[in-house]
Structures are given as C-alpha cells and as structure tokens.
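Trainee: I am new to this structure and would like a close look at a single part of it. Please take one place where two helices meet and work outward from there.

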Amino acid sequence: MASGPHPIPAAASASSASSSSASAPASSSSAASSSSAPAVTAAASGGPVSAASGSGPAAGILIGDRLYSEVSLTIDHSLIPEERLSPTPSMQDGLDLPSETDLRILGCELIQAAGILLRLPQVAMATGQVLFHRFFYSKSFVKHSFEIVAMACINLASKIEEAPRRIRDVINVFHHLRQLRGKRTPSPLILDQNYINTKNQVIKAERRVLKELGFCVHVKHPHKIIVMYLQVLECERNQTLVQTAWVVHDGKS
C-alpha cells in the first residue's frame, strides 16, 4: 500500500468514480474540501500548488501543467449508476453474466473464509468484499486475476479497519484455501521465487485497487442499522429474521 496520500489524475479518477463510494470531480460549493485538498496534494508531491479557476467537471487542483481532481464525498456518489452496471468491463471483454456472477461470489467467499482464518473482524471482511465488487465494476475479470485481487482487497481492508495482517499471512491462508478447494492434502507454503512473485503481484494489485477507486475506500456498512431496526420493531429475538436480514445484506454487498 502506498505510504502516503497521492494526487489523483483527473482522467484516472473520472474513469473510476462510479466504481467507488465517492466521485472525483470537484465541487465548487465545498469550501472546506477545496481549501484542504491543495495542502494534502502539496505534501504528497512536494511541488507548488494552485487551485484551478472555473467550476464544473474541469475544476480541480493545478500542479505545474497537470490538472488533478478533488474528492467529493456526498450521498449522490454512494451508488454505482445503472449505466456502469451493464455492460460491465468483463462483459465487454466477452465474459457472460452468469460466469461473472460466479466469480464475484467465489471472490467474496474466499475473502470471508480467509478473514475467518486470519481472525479478522467481520467488518473487515465486509469491507474487502465491497472493495472487490467496486474494483470489478471498473476492471475486467478477463484481464485481472480474481484471486490476486481478493488477496489485495482483504489485505487493504484489514488496514482500513485497523486490524492489519502481514501479506505473508494473507498469501499463506489463500494457499491453504486453494489446496482445500482442490481436495489436496494441505502442505506448508514454500517461501520460494513463486511466493516472492505472488507477494509482488498482491502489492501491485493493492495499489491498482486504490488507484481505480480514487483512494476513496471508506465503506459505510448497514449492519448496525439492521440491528437498530430490529430493536425498534422488537424483533431482535427472532433469530430467523435477524439471520435472514444479515445474510441478504452480505449477499448484496
């Protein structure tokens, strides 16, 4: 993961805005955002910073001769627009919808199983699954290994939820799960060149996820709201209803 904040090129963040929980175009009405973003960008780039003139999609932060967009966190940007849901990048590359759905389910199941073995809190697993879905609404399953991306997402989510795990442990857990899926006798992970290559791929995939999501990786989970509604309805003791509501949410994360 990157060691510090980095400015996001307007072209890159514009292409990934709909796949993240926030959009990259600047908001001229957000005075606090426009005043704090230059300082953050300056600290990351070490160069002179000046705010671009004008408003609308072209507005942003001008560093030298390059225009960088600001980050606008509003409720209007929390959902992926319908035009990005179909066709997805994977479908444009020739992957049919049932196969893509199966890959999404498998990726989320891997993240959940790996999170349990890594003893992560449930919120970290849910965050990893959301990041996984968002990334593949911007990139294609055909061009990116879903298993490597799943490793990157759970590794990134563990940092976001303040329960970091070592990349070595993440790779070791996925290696164990791969053996179980193949019904092979579990064997220890060998720290050879293949392990080094996998580690480098996970690190690069984590950076790619951050870039595609415009570094907007905050996820607001509705689990607490579900519990609150059940308490208001005095149904918190109905275990079947509680479990069904929880599972339905996880299935649509």
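In which hand, left or right, does H5 pass H6?

Mentor: H5 passes H6 in a right-handed crossing. Bear in mind that this is a predicted model.

Some background on the chain comes before the detail. The protein chain has 253 residues, and 39% of them count as buried. Its secondary structure comes to eleven helices and three strands. Read from the N terminus, the order of elements is α-α-β-β-β-α-α-α-α-α-α-α-α-α.

Now to the two helices. H5 covers residues 97-117, and H6 covers residues 122-135. Their axes come within 9 Å and cross at roughly 155°. Since angles over 145 degrees count as roughly antiparallel, H5 is roughly antiparallel to H6.

Within H5, look at Glu 100 and Arg 104. The two residues are four apart in the helix, about one turn. Glu 100 forms a salt bridge with Arg 104, and the closest N and O atoms are 3.0 Å apart. Both ends of this bridge, Glu 100 and Arg 104, are buried. Arg 104 has a further contact: its charged end sits over the ring of Tyr 137, 4.0 Å from the ring centre.

Several aromatic residues have numbers close to that of Tyr 137 in the sequence. Phe 132, Phe 135, Phe 136 and Phe 141 are linked by ring pairs into a cluster. The structure holds four aromatic pairs. One of them joins Phe 135 and Phe 136, with 5.1 Å from centre to centre and 85° between the planes. That pair is edge-to-face, because planes over 60 degrees apart are counted that way. Phe 135 and Phe 136 are both buried.

The bridge in H5 can be set beside others, as the structure holds six salt bridges. Another one joins Arg 178 and Glu 147, with the closest N and O atoms 3.1 Å apart. Arg 178 lies in helix H8 (residues 167-181) and Glu 147 in helix H7 (residues 146-160), so this pair ties together parts that are 31 residues apart in sequence. The two ends fall into separate exposure classes. Arg 178 has 29% relative accessibility and so counts as partly exposed. Glu 147, at 13% relative accessibility, counts as buried, because the cut-off for buried is under 20%.

H8 leads on to one more crossing. The axes of H8 and helix H9 (residues 193-212) come within 10 Å and cross at roughly 110°. H8 and H9 are therefore roughly perpendicular to each other, and their crossing is right-handed.

A further salt bridge joins Glu 212 to Lys 211, where the closest N and O atoms are 3.6 Å apart. Glu 212 is buried, with a relative accessible area of 5%, whereas Lys 211 is partly exposed, with a relative accessible area of 43%. Salt bridges that share partners also bring in Lys 139, so that Lys 139, Lys 211 and Glu 212 form one network.

To return to the part you asked about: H5 passes H6 in a right-handed crossing, and H5 holds the bridged residues Glu 100 and Arg 104.

How values were computed:
Residues are numbered from 1 along each chain as its sequence is written. This is a predicted model: local features need pLDDT of at least 70, side-chain atom pairs count only at pLDDT 80 or more; totals for chains, interfaces and linings use all residues. Side-chain values use heavy atoms; hydrogens and water are left out. Rings of Phe, Tyr and Trp (its six-membered ring) pair if their centres lie within 6.5 Å; planes under 30 degrees apart count as stacked, over 60 as edge-to-face and the rest as tilted. Buried means under 20% relative accessible area, exposed over 50%, partly exposed in between (1.4 Å probe, protein chains only). A charge sits over a ring if NZ of Lys or CZ of Arg is within 6 Å of the ring centre and within 35 degrees of the ring normal. A salt bridge is a side-chain nitrogen of Lys or Arg within 4 Å of a carboxyl oxygen of Asp or Glu. Axes are lines fitted to C-alpha atoms, for helices over the stretch in contact, and angles run from 0 to 180 degrees between N-to-C directions. Angles under 35 degrees count as roughly parallel, over 145 as roughly antiparallel, 65 to 115 as roughly perpendicular and the rest as oblique. A crossing is left-handed if the near helix is turned anticlockwise from the far one by less than a right angle, and right-handed if clockwise.
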